[in-house]
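Q: Before individual features are discussed, the structure should be in view. Please display it, and then explain how the reading should begin.

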Amino acid sequence: MNLRTVGIRFGLEALYFTGAWKVFGPLSSGIGTIFTLHHVRPARADAFKPNALLEIEPAFLETLIEYLRYKKVDMVSLAEAKRRLREQDYMKRFVCFTLDDGYRDNLEFAYPIFKKHGVPAALFIATSFADRLGLLWWIALERAIAATDRVVLEVDGKSRFFDCANAGAKQNAYEQIYWWLRGLSDERELRRIVTDLCERYGVDPLSPCKELCMDWKEIGQLASDPLITIGAHSVNHTMLKKWDADAVKQELVQSASVIENTLGKKPVDFAYPVGDKTSADARDFALASEAGYELALTTRPGPIFPEHREHMTALPRVSLNGNFQAIRYVDVLRSGVPFSLGTNFRRLDVA
C-alpha cells in the first residue's frame, strides 16, 4: 500500500470516527451518488497488484447493496436519476451503480448480485474491447513489469533503469512509469511505448482485452435484462482531452453507432474514459451533448447536486475503490465531505 493510499485511508477514518461526515454531510451530500466500478471479482493472490484499486470483491458489493437497502436508500437506474434531475424531484437521495470498460467479471460476479437484489446497473462499453482489438494499456503495462526483473525505458531522452526484482520494486516501477505515461500530451506515444515494452518482455499487449473483456454475445446477454443499461465508453478508451475535436467526435459517434448496430438500441449515456480533469474537460462535455448523449459521466469525485441539472454531460461519480472496501468508507464518501472540504463546499466542477 503506497503512502497516498495510507493518507486517504487515514483521512476517511478520521472523518468517520470524529463524526465530521455526519455534521457536514447535510451541506455536501447532494441529492444522490453515482458509483464507479470496474472489476468485481474475488481477490487475487498476486503480491504485485498495481491496479487493485479497480477491483472490488463480490461479497463487498452484496454487503453494500444490503446495507443501502437497510438504510432505505433508493438504488435507481440512470434513466431514473435523469428524470429526478430534470423534474427537480429531490425528495429522496439515490444511488446509481455504473461499471466501466466491459469486463467479463461484471457478467460472472456483479450481474448475479444485481439480479438477485433487483438493483439496476449501467455498463459502459469500449467497443474495441468487445471486438477484441483494444489495448488495455494499464494492464498490459502491469503484465510487462511482472514479466521481468528490470525495465529499461527511455524517459525524456535518457535511458532509465527500473528495478523490478520483487513485488515492492515492481510496484514502485509501475507507479513511476504509469504516471509518466499519463503525463504525456500525445496518447499515441503512450500506446506505442506500452506496446514496445510488451513486445520486448514477451507479453501480448492485446491479451488483457482477449482474456478479461466480454464479447458482444455476452454483452447482449446483459443488455436483454431490463435491469441493465448499456452505455458508450468510446471506441478505443482514449483520453479525449488529449485528442483533437474531430477525433473526439469520431470516438463519441462511432461507439454509439457500433453499439446500436450490434445490440439494436442506441445508447444515450456516455462515460469518459479515465474521466478525470486530465482526460475530459468542458470541450468534451459540449461535444458529448452535440453527439446526442443525454447524460455523460466523469470520474471527477463528488455527489450529484440540483445544479447538475444544467450540466448533464459533466456529472461526477464516486469510485468504489478496491483499497477501501468498508461500509464506513462508503458512508463518508456518500456524505460528500471528503470532496467538499477541498473545494470550500463548491458544488460544481464542470470546467
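A: A residue is called exposed when its relative accessible area is over 50%, buried when it is under 20%, and partly exposed in between. The model shown here is predicted.

Q: Is Asp156 buried or exposed by these cut-offs?

A: The relative accessible area of Asp156 is 65%, so Asp156 is exposed. Asp156 belongs to the loop that joins strand 7 (150-155) to strand 8 (158-163).

Q: What should be noted about the phi of Asp156?

A: The general idea is that most residues other than glycine have a negative phi. Asp156 is not a glycine, yet its phi is positive, near 55 degrees.

Q: Which further residue has a positive phi although it is not a glycine?

A: Asn344 does, with a phi of about 55 degrees. Asn344 is placed in the segment that follows helix 15 (337-340). With a relative accessible area of 72%, Asn344 is exposed.

Q: How should a residue be read when its accessible area falls between the two cut-offs, and where does Lys277 lie?

A: Such a residue is termed partly exposed. Lys277 is a case of this, because its relative accessible area is 45%. Lys277 lies in the loop between strand 10 (269-271) and helix 13 (282-290).

Q: Which residues are in contact with Lys277, leaving aside its neighbours within four places in sequence?

A: A contact requires heavy atoms within 4.5 Å. On that basis Lys277 is in contact with Lys241, Arg300 and Asp349. A separate distance concerns Thr299: its C-alpha atom is 8.4 Å from that of Lys277, and the two residues are 22 apart along the chain.

Q: How many helices and strands does the protein chain have, and how is its overall form to be read?

A: The protein chain has 15 helices and 12 strands. Its radius of gyration is 20 Å, close to the 20 Å from the globule rule for 351 residues, so the chain is as compact as a globular protein of that length. The C-alpha trace spans about 60 × 50 × 40 Å along its principal axes.

Q: What do burial and contacts add for the chain as a whole?

A: Of the 351 residues in the protein chain, 54% are buried. Among contacts between residues at least 6 apart in sequence, 74% join residues at least 24 apart.

Q: How are the surface and the charges summarised?

A: The accessible surface of the protein chain is about 15400 Å², and 53% of it belongs to carbon and sulfur atoms. The chain has 45 positive and 45 negative side chains, with the centres of the two sets 5 Å apart.

Terms used: Residues are numbered from 1 along each chain as its sequence is written. This is a predicted model: local features need pLDDT of at least 70, side-chain atom pairs count only at pLDDT 80 or more; totals for chains, interfaces and linings use all residues. Side-chain values use heavy atoms; hydrogens and water are left out. Helices (H or I, at least four residues) and strands (E, at least two) are DSSP runs, numbered from the N terminus. Buried means under 20% relative accessible area, exposed over 50%, partly exposed in between (1.4 Å probe, protein chains only). The radius of gyration is taken over C-alpha atoms; the globule rule is 2.2 Å times the number of residues to the power 0.38. Accessible areas come from the Shrake-Rupley method with a 1.4 Å probe; for residues, only the protein chains shown count as cover. Lys and Arg count as positive and Asp and Glu as negative; His and the chain ends are not counted. The place of a charge is taken as NZ of Lys, CZ of Arg, CG of Asp or CD of Glu.
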